[in-house]
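Take a look at the chain below. This short report goes from one residue to the chain as a whole.

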Amino acid sequence: MPAAAGPLSAFLNPGSIAVVGASDRATSSGGAVLRNLLASRYGGRIVPVNPKGGELLGLPCTRVSEFQATGRGGLFLSGLERAIVVSMGTGTSIVRAGADGVRHLGGSGVGGGTLLGLAKALLRTTDVPAIIEAAAAGN
């Protein structure tokens, strides 16, 4: 396939890819994306981004908190100098981002993976209906 030209070329043929939420767990979304990129023999730079930093699958990992990533990414994608950025996924967070930094305003970065991990450790289950039932019972 020929290289893309025009406004979508950076999207279709990026020189680097940051995998925000990268993980060494094959079952996580970030882990799957990172493994797929490595298996594809993508020729550009792959930058795993994770709050813990360190190294993932042989690549140096950039340490960025989820709220910082949300704020900086929102500014970059919008082209704005300052903004209120809302990240809505399995966890929802609201941050204010600008030249003075990123400030968490509300919400939580805790998503489904965190919930299931805590339930597995504390309740010994990852069955979502069982977790809901335990929560409704105050457990």
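## One residue up close

In which helix does Thr 70 lie? Thr 70 is part of helix H3, which covers residues 66-78. The model shown here is predicted.

Is Thr 70 buried or exposed? Its relative accessibility is 13%. Buried means under 20%, so Thr 70 counts as buried.

What does Thr 70 touch? Leave out residues up to four places away in sequence, and its contacts are Val 85, Ser 87, Ser 93 and Val 95.

## Helices and strands

The chain has seven strands and five helices. Their order along the sequence is α-β-α-β-β-β-α-β-β-β-α-α. The pattern starts with a helix and ends with two helices.

## Overall size

The radius of gyration of the chain is 18 Å. For a compact globule of 139 residues, a value near 14 Å would be expected. Along the principal axes, the C-alpha atoms fill a box of roughly 55 × 40 × 30 Å.

## Inside and contacts

How much of the chain is buried? Of its 139 residues, 24% count as buried. Thr 70 is one of the buried residues.

Now take the contacts with a separation of 6 or more. Residues 24 or more positions apart make up 25% of them.

## Surface and charge

The accessible surface of the chain is about 9600 Å². Carbon and sulfur atoms account for 59% of that surface.

The chain carries 12 positive side chains and 7 negative ones. The centres of these two sets are 5 Å apart.

How values were computed
Residues are numbered from 1 along each chain as its sequence is written. This is a predicted model: local features need pLDDT of at least 70, side-chain atom pairs count only at pLDDT 80 or more; totals for chains, interfaces and linings use all residues. Side-chain values use heavy atoms; hydrogens and water are left out. Helices (H or I, at least four residues) and strands (E, at least two) are DSSP runs, numbered from the N terminus. The radius of gyration is taken over C-alpha atoms; the globule rule is 2.2 Å times the number of residues to the power 0.38. Buried means under 20% relative accessible area, exposed over 50%, partly exposed in between (1.4 Å probe, protein chains only). Contact means heavy atoms within 4.5 Å. Accessible areas come from the Shrake-Rupley method with a 1.4 Å probe; for residues, only the protein chains shown count as cover. Lys and Arg count as positive and Asp and Glu as negative; His and the chain ends are not counted. The place of a charge is taken as NZ of Lys, CZ of Arg, CG of Asp or CD of Glu.
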